[in-house]
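Here are my notes for you, written as numbered points. Keep the structure open beside them and find each residue as you go.

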Amino acid sequence: MDEYAWPTSPDLPVADVVLQSWAATVAALPVGTHITGEVIGRQPFGVFIRMDGVPNVVALAEITAMPLGMELPALGASVEGEVFWHAHNHQVRVWLDEWRTSAE
């Protein structure tokens, strides 16, 4: 298997569902919200996370927030983090706790 993988799963939300539920997503996940979830995709620019309890969104943790010398979490890894942005393309952006702790 390739080191990188796009999120693939029959239970991932389709684009229409993400768009229709965006206002509810932003209301449920304001900036500063602590999240938990599972890494469901990896790319050179970051990891995609299926957040616990929020079925209609996939979060993105970008490497721009990752300290030097750290590695991306593996597929299937349990992660925790904090919402820091709601992107124009209907993505919830998060900082992973393990990255923030290492940067301090």
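1. Let's start with a term we'll need: a residue is called buried when its relative accessible area is under 20%, exposed when that area is over 50%, and partly exposed in between. Take Phe 45 as a try-out: its relative accessible area is 33%, so Phe 45 counts as partly exposed. Bear in mind that this is a predicted model.

2. Now the overall layout. The chain has three helices and five strands, and read from the N terminus the order is α-α-β-β-β-β-β-α. The chain is 104 residues long, and 41% of them count as buried. Among contacts with a separation of 6 or more, 64% are between residues that sit 24 or more positions apart.

3. Back to Phe 45, which has a ring partner. There are two aromatic pairs here, and one of them joins Phe 45 and Phe 48 edge-to-face, with 6.0 Å from centre to centre and 90° between the planes. Is Phe 48 buried or exposed? Phe 48 has a relative accessible area of 10%, so Phe 48 is buried, whereas Phe 45 is partly exposed.

4. The other pair is Phe 84 with Trp 95, and this one is stacked: the centres are 4.3 Å apart and the planes differ by 10°. Look at where the two partners come from: Phe 84 belongs to strand β4 and Trp 95 to strand β5, so the pair ties together parts that are 11 residues apart in sequence. Phe 84 is partly exposed at 24% relative accessible area, and Trp 95 is partly exposed at 33%.

5. Next, have a look at the largest pocket, which holds about 220 Å³ of space. It is lined by 13 residues, and those closest to its centre are Pro 13, Val 18, Val 58, His 90 and Gln 91. Two elements, α1 (15–20) and β3 (58–62), each give two or more residues to the lining. What classes of residue make up that lining? Ten are nonpolar ("10 nonpolar" in my tally), three are polar and no residue is charged.

6. Gln 91 from that pocket deserves its own point. You'll find Gln 91 in the loop between β4 (78–86) and β5 (92–96). With a relative accessible area of 18%, Gln 91 falls under the 20% cut-off, which means it counts as buried. The side chain of Gln 91 makes a polar contact of 3.0 Å with the side chain of Arg 93. Leaving out residues up to four places away in sequence, Gln 91 touches Trp 22, Phe 48, Leu 60, Trp 85 and His 86.

7. Phe 48 turns up again around Glu 38, a residue of strand β1 (residues 34–43). Setting aside neighbours within four places in sequence, Glu 38 is in contact with Phe 48, Ile 49, Arg 50, Gly 76 and Ala 77. Glu 38 is partly exposed, at 39% relative accessible area. Try finding Asp 52 as well: it is 14 residues from Glu 38 along the chain, and their C-alpha atoms are 7.9 Å apart.

8. Last one: Pro 67, in the loop between β3 and β4. How much of Pro 67 is accessible, in relative terms? The value is 15%, so Pro 67 is buried. Its C-alpha atom is separated by 7.9 Å from that of Arg 100, although the two residues are 33 residues apart along the chain.

Conventions:
Residues are numbered from 1 along each chain as its sequence is written. This is a predicted model: local features need pLDDT of at least 70, side-chain atom pairs count only at pLDDT 80 or more; totals for chains, interfaces and linings use all residues. Side-chain values use heavy atoms; hydrogens and water are left out. On a 1 Å grid over the protein atoms alone, a cavity is a set of points where a 1.4 Å probe fits but cannot get out, and a pocket is an open set with protein on both sides within 12 Å along at least five of seven lines; lining residues have an atom within 4 Å of a point. Grid points are joined across faces, edges and corners, and a volume is the space filled by probe spheres set on the points. Helices (H or I, at least four residues) and strands (E, at least two) are DSSP runs, numbered from the N terminus. Ala, Val, Leu, Ile, Met, Phe, Trp, Tyr, Cys and Pro count as nonpolar, Asp, Glu, Lys and Arg as charged, and the others, Gly among them, as polar. Buried means under 20% relative accessible area, exposed over 50%, partly exposed in between (1.4 Å probe, protein chains only). A polar contact is a pair of N or O atoms within 3.5 Å; within protein, one must be able to donate a hydrogen and the other to accept it, and residues adjacent in sequence count only if both atoms are side-chain atoms. Contact means heavy atoms within 4.5 Å. Rings of Phe, Tyr and Trp (its six-membered ring) pair if their centres lie within 6.5 Å; planes under 30 degrees apart count as stacked, over 60 as edge-to-face and the rest as tilted.
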